[in-house]
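Hi,

Here is the structure for your set. Please open it alongside this note; my findings follow below it.

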Amino acid sequence: MSTPVVLITSASGRIGKELVARLSQRGDFTVRACSFSPDKADSLRALGADQVVHFDLNDATTWEAALDGVSAVYSASLDPMLEGHLAFSKALGERREQISHVVRISCMGADTNTASYDPDKHSSRAGAPIPLMLQHYWWGEKALIDQGLNVTVLRNNFFMNHLLKTDSENIDNEGWFGNPLGTARNSFVATRDIAEAAAVVLTEGPDKHGDKFYDLTGPEPQTMAEIAADLGAAMGKTIEYRAQSMEDFENDFGSTRA
């Protein structure tokens, strides 16, 4: 008897490639990895993908072959691809008898913040209402739910992998990093841990995880100074956190990221 086929969208992304590797090792699925760029195919096969298919959220002609025989879907997409995801969700809904489970990547607070957020009361910065990206995360979830699919949503906290990526050279060469977070605590989550959660959810299936919504965080909330201490211990040298004002941060990275 052949193993069920799982489709991994965004397979070359931070979470997707970890998920491909984990599911291929478990052997419960035939792993079909989506690739927009042909030059990613060899690396996805090296990670363990059984099949690699061309897939483009903005090109519905690529969906039929990708979905042929699929029973489970891992769904992740960049924010600018929202319209494509909404259309793809309808295509999944048309195959709801075929597709037993969809696991969607989202963000902590996507539903509650979008549903109940009052920018006049809850804004943490003047003139900074709920980010459009957070609204998009909820719309991405809702599009699948509205199609009557068995959905599991992984609502992740801030990616640990994003925290220091713009400072990696400073950390390596000069021993410091900066941002405006200061003494605020956050439990940053590693993308490989999100992939492990997705692998467990897909393997255990919709009977256990259908219509479930999981918040994923790191093991404990930390300040920037505590993160600097941990980073220094791991690297065997002193790493310094330098507090930065929001004004300087915005000058460096722009208003959207601020």
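G205 comes right after helix α10 and has a positive phi, near 85°. Keep in mind that this is a predicted model.

The helix before that glycine covers residues 191-204. Its length checks out. With 14 residues at 1.5 Å each, α10 should span 20 Å, and its end C-alpha atoms are 20 Å apart, so the two agree. Its buried residues are T191, I194, A195, A197, A198, A199, V201 and L202.

α10 packs against α1, residues 14-26. The angle is about 45° and the axes lie 8 Å apart. Angles from 35 up to 65 degrees count as oblique, so α1 is oblique to α10. The crossing is right-handed.

Who makes the contact between them?
- From α1: R14, I15, E18, L19, R22, L23 and R26.
- From α10: T191, R192, I194, A195, E196, A198, A199, V200, L202 and T203.

By class, that contact has nine nonpolar, six charged and two polar residues. Several α10 contact residues are also buried, among them I194, A195 and L202.

One more spot is on the other side of α10 in sequence. S187 sits in the loop between β7 (176-179) and α10. Is S187 buried or exposed? Its relative accessibility is 12%, and buried means under 20%, so S187 counts as buried. Leaving out residues up to four places away in sequence, S187 touches N157, T217, G218, E220 and P221.

Best wishes

Methods:
Residues are numbered from 1 along each chain as its sequence is written. This is a predicted model: local features need pLDDT of at least 70, side-chain atom pairs count only at pLDDT 80 or more; totals for chains, interfaces and linings use all residues. Side-chain values use heavy atoms; hydrogens and water are left out. Axes are lines fitted to C-alpha atoms, for helices over the stretch in contact, and angles run from 0 to 180 degrees between N-to-C directions. Helices (H or I, at least four residues) and strands (E, at least two) are DSSP runs, numbered from the N terminus. Angles under 35 degrees count as roughly parallel, over 145 as roughly antiparallel, 65 to 115 as roughly perpendicular and the rest as oblique. A crossing is left-handed if the near helix is turned anticlockwise from the far one by less than a right angle, and right-handed if clockwise. Contact means heavy atoms within 4.5 Å. Ala, Val, Leu, Ile, Met, Phe, Trp, Tyr, Cys and Pro count as nonpolar, Asp, Glu, Lys and Arg as charged, and the others, Gly among them, as polar. The expected span of a helix is 1.5 Å times one less than its number of residues. Buried means under 20% relative accessible area, exposed over 50%, partly exposed in between (1.4 Å probe, protein chains only).
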